[in-house]
Amino acid sequence: MRFTRAPVCPGCLGGLQPLAAAAQCARCGVPFENDTPLHGATLCALCRRGATAYDWARGFGAYEGELRHLIHLLKYRGMEPLARPLAERLASLVPQAGTID
C-alpha cells in the first residue's frame with residue numbers, strides 16, 4: 001500500500017475518467033448531445049453568440065462524482081496535495097488546443 005498526503009488512494013485518483021464526448025464545442029469544450037453537430041457547427045450556441053471571452057477551454061471530466069468531490073476538497077478545504085494530480089490531468093488536454101499564441 002502506498003500512502004500520500006491526499007485523502008484519496010492512488011487507485012481512486014487513477015480511476016478519474018476524462019470527458020468522453022464524440023463531439024464537443026471547438027471553443028469551450030461543452031459536449032454536444034449528438035455525435036454530429038447540427039449543420040456541421042463546431043461551436044455551441046453560446047460561443048456562436050460570442051458569449052465567451054476566451055479562445056479555447058477544456059475541462060478534464062464531468063463535474064460530478066469523485067472528480068467533483070476532489071475539486072471541492074482542493075478548493076474549499078485547502079487540500080493542496082490534490083493540486084498536482086488534478087493539474088496534471090487538466091494539462092494533459094493542452095495538446096488539443098493546437099497552436100497557442
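These are my notebook entries on the cores, one helix, the cysteines and two loop residues of a predicted model.

**Entry 1. Nonpolar cores**

I looked up the largest nonpolar core first. It has ten residues: Val 8, Leu 13, Leu 16, Phe 60, Leu 67, Leu 70, Leu 73, Leu 82, Leu 86 and Leu 93. Helix α3, residues 65-77, supplies the largest share of this core, namely three residues. Another core, of six residues, lies apart from it; I noted Ala 23, Cys 25, Cys 44 and Cys 47 among its members.

I then listed the contacts of Leu 93, a member of the ten-residue core. Leaving out residues up to four places away in sequence, Leu 93 touches Trp 56, Arg 58, Gly 59 and Phe 60. Of these partners, Phe 60 is itself listed in the largest core.

**Entry 2. Helix α4**

Which residues of α4 are buried? I found Pro 85, Leu 86 and Arg 89 buried in this helix, which spans residues 83-91. They lie on the same side of α4, because the arc they cover around the axis is only 95°. In general, an α-helix has 3.6 residues a turn, so residues three or four places apart point the same way. I also checked what this side meets: the buried residues of α4 pack against α1 (10-14) and α3.

**Entry 3. Cysteines**

How many disulfides does the model contain? The count is zero. For Cys 28, the closest cysteine sulfur is that of Cys 44, at 3.7 Å; this is too far for a bond, because a disulfide requires sulfur atoms within 2.5 Å. Cys 47 is likewise in no disulfide, and its nearest cysteine sulfur, in Cys 25, is 3.7 Å away.

I recorded the burial of both residues. Cys 28 is buried at a relative accessible area of 18%. Cys 47 is buried as well, with a value of 3%.

**Entry 4. Thr 52**

I located Thr 52 in the loop between α2 (45-48) and α3. Is this loop residue buried or exposed? Thr 52 counts as buried, since its relative accessibility is 19% and the limit for burial is under 20%. Beyond residues up to four places away in sequence, Thr 52 touches Arg 27, Leu 46 and Cys 47.

**Entry 5. Pro 31**

Pro 31 is placed in the loop between α1 and α2. I noted it as partly exposed, at 37% relative accessibility. Setting aside neighbours within four places in sequence, Pro 31 is in contact with Leu 19, Ala 21, Ala 23 and Gln 24. Ala 23 also belongs to the six-residue core. Finally, I looked up the C-alpha separation of Pro 31 and Ala 62: it is 9.9 Å, for residues 31 places apart along the chain.

Methods: Residues numbered from 1 in each chain as written. Predicted model: local features only at pLDDT ≥ 70, side-chain atom pairs only at ≥ 80, totals over all residues. Heavy atoms only, no water. Core = buried A, V, L, I, M, F, W, Y, C linked by side-chain atoms within 4.5 Å. Buried < 20%, exposed > 50% of the residue type's maximum accessible area, 1.4 Å probe, protein only. Helix = DSSP H or I, 4+ residues; strand = E, 2+ residues; numbered from the N terminus. Contact = heavy atoms within 4.5 Å. Arc of directions from axis to C-beta.
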